[in-house]
Amino acid sequence: MSTPTLLIAGCGDVGSRLARQMIAQGWAVHGLRRSPGKLPEGVLPIAADLFDERCPAAWPTGPLDYLVYCLAASTHDEAGYQAAYVQGLKHVLGWLQQHGQRPRRVFFVSSSSVYGQLAGKWVDETSAVEPSGFSGRIMVEAENTLLHSGLPATVVRLTGIYGPGRERLLTQVREGYCVAEDPPLYGNRIHSDDAAGLLAFLLGSDAAGKALANVYIGVDDAPAPLAEVVAWLREYLGVTDWQAEAQVRRTGSKRCSNALARQLGWVPRYPSYREGYAAIITEAL
């Protein structure tokens with residue numbers, strides 16, 4: 001069997017973690033990012049700006065088996081999201097067509113922001129897409145751009161990513177963060193290693209001939225109220241002083257299910273925030 005080839009467009013944190021996993025499995029991995037010097041060892045570099053419609057000179061000319069679009073917006077406003085997730089994706093799809101490349105499957109890393117459900121309601125891949133903000137609306141536009149492209153495609157809607165370098169909540173708790181307990185504000189999380197691991201699992205599943213769905217949610221096993229997470233972190237970190245007034249009082253929240261990915265055989269390395277945050281704190285010691 002020939003070596004599978006993968007191009008990761010937007011090879012940043014999650015993309016680099018994915019690249020390492022696939023290289024370890026013997027895949028040939030191309031990584032596209034503005035600063036290719038930051039790519040992991042073994043990744044074939046493509047220096048490019050996805051906001052530029054001109055195809056990068058280093059774009060591979062041979063067949064590509066898979067493409068993962070894994071970009072992070074450089075600015076968190078409507079224009080930044082539109083450029084990163086819609087225009088950038090259109091550029092990449094155009095470059096594939098320009099080179100006569102038809103991957104076996106294209107994966108787009110999306111977000112659970114496409115769901116606007118409230119009051120702790122459970123959502124899965126069959127739930128109505130009801131984005132409440134511009135980020136969710138633009139993600140839906142990008143998803144549809146790919147799903148209607150004529151290429152085999154799968155969207156992976158990741159929830160809140162945390163991990164090394166993504167430790168804002170830990171900092172807030174150390175600084176005395178306080179959260180309203182009622183009504184519960186449910187949060188959905190996935191460790192960055194598991195985000196990459198899910199993508200690696202889906203790539204391997206498709207390569208092995210398993211049928212994939214059009215959409216998967218990337219989340220751990222245990223969506224939990226933010227107040228519960230904060231209380232656990234306080235105890236784990238030994239924080240004994242916090243603000244008297246809650247800094248977060250929102251009524252909207254949802255709980256995302258990973259049942260579809262688990263049915264396919266995926267198992268998260270960090271099934272809940274407890275294992276994930278414990279690993280981050282231990283590694284930092």
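Contact here means that heavy atoms lie within 4.5 Å, and with that in mind you can begin the tour of this predicted model at a tryptophan.

**First stop: Trp59 and its surroundings**

Select Trp59 and, leaving aside its neighbours within four places in sequence, look for the residues in contact with Trp59, which are Leu7, Leu32, Ile46, Leu64, Leu67, Val92, Trp95, Leu96, His99 and Gln101. Now widen the selection to the largest nonpolar core, which has 38 residues, and in which Trp59, Tyr69, Tyr85 and Phe108 are those with the most contacts inside the core. Colouring by secondary structure helps at this point, since β1 (5–9), β4, α2 (78–98), β5, α3 (134–147), β7 (153–158) and β11 (215–218) each supply at least two residues of this core. Which element gives the largest share of this core? Select α2, and you will have the element that supplies 9 residues, the largest share. Apart from this core lies another one, of 32 residues, and you can find it by selecting Cys11, Leu39, Val43 and Ala207, which are among its members.

**Second stop: the salt bridges**

The structure holds 10 salt bridges, and three of the pairs are worth selecting one after another.

Start with Arg34 and Asp49, whose closest N and O atoms are 3.5 Å apart in a salt bridge. Arg34 sits in the loop between β2 (28–33) and β3 (44–47), while Asp49 sits in the loop between β3 and β4 (66–69), and the two are 15 residues apart. Asp49 has 31% relative accessibility and therefore counts as partly exposed.

Go on to Arg105 and Asp206, which form a salt bridge with their closest N and O atoms 2.9 Å apart. This pair links distant parts of the chain, with Arg105 in strand β5 (residues 105–111) and Asp206 in helix α5 (residues 192–207), 101 residues apart. Are these two partners buried or exposed? Arg105 is buried, with a relative accessible area of 12%, and Asp206, at 9% relative accessibility, also counts as buried, because buried means under 20%.

Then select Arg274 and Glu228, whose side chains meet in a salt bridge at 3.3 Å, N to O. Arg274 lies in helix α8 (residues 273–284) and Glu228 in helix α6 (residues 226–237), so the pair ties together parts that are 46 residues apart in sequence. Arg274, at 36% relative accessibility, counts as partly exposed, and so does Glu228, at 33%.

**Last stop: a network**

Finally, select Asp13, Arg17, Arg166, Asp193 and Arg269 together, and you will see residues that are linked in a network of salt bridges.

Technical notes: Residues are numbered from 1 along each chain as its sequence is written. This is a predicted model: local features need pLDDT of at least 70, side-chain atom pairs count only at pLDDT 80 or more; totals for chains, interfaces and linings use all residues. Side-chain values use heavy atoms; hydrogens and water are left out. A salt bridge is a side-chain nitrogen of Lys or Arg within 4 Å of a carboxyl oxygen of Asp or Glu. Helices (H or I, at least four residues) and strands (E, at least two) are DSSP runs, numbered from the N terminus. Buried means under 20% relative accessible area, exposed over 50%, partly exposed in between (1.4 Å probe, protein chains only). A nonpolar core is a set of buried Ala, Val, Leu, Ile, Met, Phe, Trp, Tyr and Cys residues joined through side-chain atoms within 4.5 Å.
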